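Here is a brief report on one protein model. It covers the main pocket and the aromatic contacts.

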Amino acid sequence: MKNSSPTHKKTTKDSSTELASSDMDVAYRNWMLKYPSALASFAQITSYAKGKKIALFLDYDGTLSPIVDNPDCAFMSNAMRTAVGNVAKYFPTAIISGRSRDKVYEFVGLTELYYAGSHGMDIMSPVRPISNDHPNCIRSTNKQGKEVNLFQPASEFLPMIDEVFRSLIEITKEIKGAKIENNKFCVSVHYRNVDEKSWTTIGQCVHEILKDYPRLRLTHGRKVLEVRPVLSWDKGKAVEFLLESLGLSNCDDVLPIYVGDDRTDEDAFKVLREGNRGYGILVSSVPKESKAFYSLRDPSEVMEFLKSLVKWKKSNAL
């Protein structure tokens with residue numbers, strides 16, 4: 001009996017793990033009834049897109065690259081870079097990230113895209129007369145020397161953000177695994193590598209700093225706290241701004257598609273859902289409520305979706 005006991009316990013443990021995994025699979029399949037796979041629904045999406053111009057908006061972390069322990073190492077694969085570069089040849093494509101615009105450009109390195117950093121508070125867009133009056137829009141040049149519009153609605157907050165960044169580095173320096181990232185118009189406090197027992201402490205540190213900054217607010221992402229200006233601007237507004245900059249706003253023949261995985265992407269999903277303006281696609285391997293229409297499980301499925309768009313466009317051009 002003694003010899004058989006460990007085997008019995010292991011089998012029981014394995015069985016319970018399998019059961020939990022099976023339950024998760026069932027929950028995910030049920031969830032997908034509400035948020036169908038964008039790959040399985042591809043024919044439906046492209047059927048609606050016939051006669052329309054697709055404009056593509058992509059988040060970066062967790063969408064084009066995997067979520068990793070060290071945010072400085074969130075590199076996209078070469079295969080993904082090729083897929084994004086190819087899709088941008090056929091559709092206007094923008095990346096809207098919580099990272100600083102310069103940082104996300106370093107990760108992606110493709111000149112044929114439009115980039116919006118700091119959750120849309122730092123946008124480089126094509127030069128075009130903007131119908132609405134945007135006082136924070138200035139003429140600039142990109143790294144290739146091409147003239148562009150630079151839109152930074154939170155410029156006045158820069159000194160404040162820098163102050164908070166320095167204070168957060170100081171106050172969290174004893175918390176092992178904490179990483180403070182300056183994303184220009186927001187500060188990200190990563191706690192993915194922090195012991196769970198210290199999560200409350202890191203939250204208290206951030207709240208303590210923000211007591212002195214009523215014009216800054218705190219938002220939550222995937223194992224990250226983000227300090228942002230109190231400003232009526234988000235990824236949804238960034239999508240609207242870019243559509244306008246590209247001459248694609250208020251057009252019945254335009255279909256915007258936004259692919260993202262985080263809470264901050266919900267603002268963009270909401271904008272596209274209102275009035276059926278376009279499709280939001282949530283990247284998630286676990287069930288969660290969203291304003292998106294469709295879902296993809298992970299970045300590998302995102303890459304398949306991008307490749308499918310290119311194939312579809314090429315076949316329609318024949």
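The pocket comes first, then the ring pairs, then the charges over rings.

**Pocket.** This is a predicted model. Its largest pocket holds about 380 Å³ of space. The lining has 21 residues, and Thr111, Leu113, Met124, Asn142 and Val148 are the closest to the pocket centre. Helix α4 (101-108) supplies at least two lining residues, as does each of the strands β3 (114-117), β4 (122-126), β5 (137-141) and β6 (147-151). By type, the lining splits into nine nonpolar, six polar and six charged residues.

**Ring pairs.** The whole structure contains 14 aromatic pairs. One of them joins Phe75 and Phe107 edge-to-face, with 5.7 Å centre to centre and 70 degrees between the planes. Phe75 lies in the loop between β1 (53-58) and α3 (78-90), and Phe107 in helix α4, so the pair ties together parts 32 residues apart in sequence. Phe75 is exposed, at 53% relative accessibility. Phe107 is buried, at 9%.

Tyr191 and Trp199 also pair. Their ring centres are 5.3 Å apart and their planes meet at 65 degrees, so this pair is edge-to-face. Tyr191 is buried, with a relative accessible area of 14%. Trp199 is partly exposed, at 28%.

Ring pairs also link Tyr48, Tyr279, Phe293 and Tyr294 into a cluster.

**Charges over rings.** Two arginines place their charged ends over aromatic rings.

| Charged residue | Ring | Distance to ring centre |
|---|---|---|
| Arg273 | Phe293 | 4.2 Å |
| Arg297 | Tyr28 | 4.0 Å |

Phe293 thus appears in both settings: it belongs to the ring cluster, and the charged end of Arg273 sits over its ring.

Notes: Residues are numbered from 1 along each chain as its sequence is written. This is a predicted model: local features need pLDDT of at least 70, side-chain atom pairs count only at pLDDT 80 or more; totals for chains, interfaces and linings use all residues. Side-chain values use heavy atoms; hydrogens and water are left out. On a 1 Å grid over the protein atoms alone, a cavity is a set of points where a 1.4 Å probe fits but cannot get out, and a pocket is an open set with protein on both sides within 12 Å along at least five of seven lines; lining residues have an atom within 4 Å of a point. Grid points are joined across faces, edges and corners, and a volume is the space filled by probe spheres set on the points. Helices (H or I, at least four residues) and strands (E, at least two) are DSSP runs, numbered from the N terminus. Ala, Val, Leu, Ile, Met, Phe, Trp, Tyr, Cys and Pro count as nonpolar, Asp, Glu, Lys and Arg as charged, and the others, Gly among them, as polar. Rings of Phe, Tyr and Trp (its six-membered ring) pair if their centres lie within 6.5 Å; planes under 30 degrees apart count as stacked, over 60 as edge-to-face and the rest as tilted. Buried means under 20% relative accessible area, exposed over 50%, partly exposed in between (1.4 Å probe, protein chains only). A charge sits over a ring if NZ of Lys or CZ of Arg is within 6 Å of the ring centre and within 35 degrees of the ring normal.
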